[in-house]
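Open the model in your viewer and keep the selection box at hand. Each stop below says what to select and what is found there.

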Amino acid sequence: MKESKLGWVARRGTLAVLGLVWLIPVYLLLVNAFKSTDAYDADKIWVPDKSFGLFANLRDAWDTVGLGQSIGSTALYSVTGPALAVVIGAMAGYAIVVLRLRAGFWWFLLLFGGTVFPTQMLLIPLFLGYSWADLYDRRVGLVLIYTAVSIPLAAFVMRNFFTGIAYEMFEAARVEGASTWHIFRKIYFPLALPALGAVFILEFAFIWNDLLFGLTLSQSDPVRPVMTALSALSSAYAGSSVPVLLAAGLVMSLPTVAVFLAAQRMFARGLALGQF
């Protein structure tokens, strides 16, 4: 059915309004991050200023809370956690759907059930457990928790994805003498790469922007994630100005944007294949 002119205008107008609403905080971020600390005025946040203080603001943020170490640690968490999670999630989906694991549905519920509860409920038990196991304020501890919270989504997507693959493919490979591990590694895992890539990107963005687990399970500059460092930058102890905070936030948001832009085709294809 051909779209009427009124419908065309209404649809484009709605999208334009929503786009403008979304761009308002981005505009405020850019305008005030580029101001020098001396030029910042809380009553003129909508007005650009001729002063250019972005690099000075970044240098101030870098020196105050040790952003370099936090960026390195966050890159480790954001890559390692999702990478391990997608492999484990793929193996779980393969075992439940293809190998027809006994009580597979209940195993899937066990994996996915943890997402039902709010993350805040886990913080105190995690803190106590990590303190007891000597994992508090350690990189390996944060890699473990980020991997654990990423597995349910990966298992959910892989279960749906493998359900759509004909079981005869597995039977044919078995007739040819391939082992279950060989079939997974050579056939099912390569087929699932686009969906796994989409899950990896989602989990990368989640971990890069995480604040709660970083605040709860770390405290030192070399271990804490970058969003925790930004939070410390805004504390009364650090006493940083608004332009310094915004400049640091602007730069810290760039990796997730770059990853999404670089892999947007694979992301869109993975979403379709994973049947979110």
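Start by selecting Leu29: apart from residues up to four places away in sequence, Leu29 touches Leu246 and Leu250, where contact means heavy atoms within 4.5 Å. Leu29 and Leu246 are 217 residues apart in sequence, yet their C-alpha atoms are 6.1 Å apart in space. Leu29 is found in helix α1; helices are DSSP runs of H or I with at least four residues, numbered from the N terminus. Leu29 counts as partly exposed because its relative accessibility is 23%. With a 1.4 Å probe and protein chains only, buried means under 20% relative accessible area, exposed means over 50%, and partly exposed lies in between.

Two notes on reading the model come next. This is a predicted model, in which local features need pLDDT of at least 70 and side-chain atom pairs count only at pLDDT 80 or more, while totals for chains, interfaces and linings use all residues. Residues are numbered from 1 along each chain as its sequence is written, and side-chain values use heavy atoms, with hydrogens and water left out.

**Domains**

Colour residues 5-54 as domain 1 and residues 66-239 as domain 2, following the domain assignment of the protein; such bounds come from an automatic or database assignment. The centres of domain 1 and domain 2, taken over C-alpha atoms, are separated by 35 Å.

**The nonpolar core**

Which residues have the most contacts inside the largest nonpolar core? Select Tyr94, Met158, Phe161, Phe162, Ile183 and Tyr188, which hold that place in a core of 23 residues. A nonpolar core is a set of buried Ala, Val, Leu, Ile, Met, Phe, Trp, Tyr and Cys residues joined through side-chain atoms within 4.5 Å. At least two residues of this core come from each of α3, α6 (139-163), α7 (167-175), α8 (180-191) and α9 (193-208). Helix α3 gives the most to this core, with six residues.

Now add Trp181, Phe184 and Phe189 to the view: together with Tyr94, Phe161, Phe162, Tyr188 they form one aromatic cluster.

**Ser70 and its contacts**

Move to Ser70, in helix α3 (residues 67-98). Is Ser70 buried or exposed? Ser70 counts as buried because its relative accessibility is 0%. Leaving aside neighbours within four places in sequence, Ser70 is in contact with Asp221, Arg224, Pro225, Val226 and Ala229.

Keep Asp221 and Arg224 selected, since their side chains meet in a salt bridge with 2.7 Å from N to O. A salt bridge is a side-chain nitrogen of Lys or Arg within 4 Å of a carboxyl oxygen of Asp or Glu. Asp221 is partly exposed at 29% relative accessibility, whereas Arg224 is buried, with a relative accessible area of 10%.

**Asp134 and Ala103**

The structure holds two salt bridges. One of them joins the side chains of Asp134 and Arg138, at 3.1 Å from N to O. Asp134 is partly exposed, with a relative accessible area of 48%, and Arg138 is partly exposed at 39%. Asp134 lies in the loop between α5 (120-132) and α6.

Most residues other than glycine have a negative phi. Asp134 is not a glycine, but has a positive phi of about 60 degrees. Next select Ala103, which also is not a glycine and has a positive phi of about 60 degrees. Ala103 lies in the loop between α3 and α4 (104-112) and is partly exposed at 42% relative accessibility.

**Aromatic rings**

How many aromatic pairs does a search of the whole structure find? The search finds 18. Rings of Phe, Tyr and Trp (its six-membered ring) pair if their centres lie within 6.5 Å; planes under 30 degrees apart count as stacked, over 60 as edge-to-face and the rest as tilted.

Select Phe34 and Phe52: their ring centres are 5.6 Å apart and their planes are at 55 degrees, so the pair is tilted. Both Phe34 and Phe52 lie in the loop between α1 (5-33) and α2 (54-65), so the pair ties together parts that are 18 residues apart in sequence.

Then select Phe105 and Trp106, an edge-to-face pair with 5.7 Å from centre to centre and 75 degrees between the planes. Phe105 is partly exposed at 45% relative accessible area, while Trp106 is exposed at 60%.
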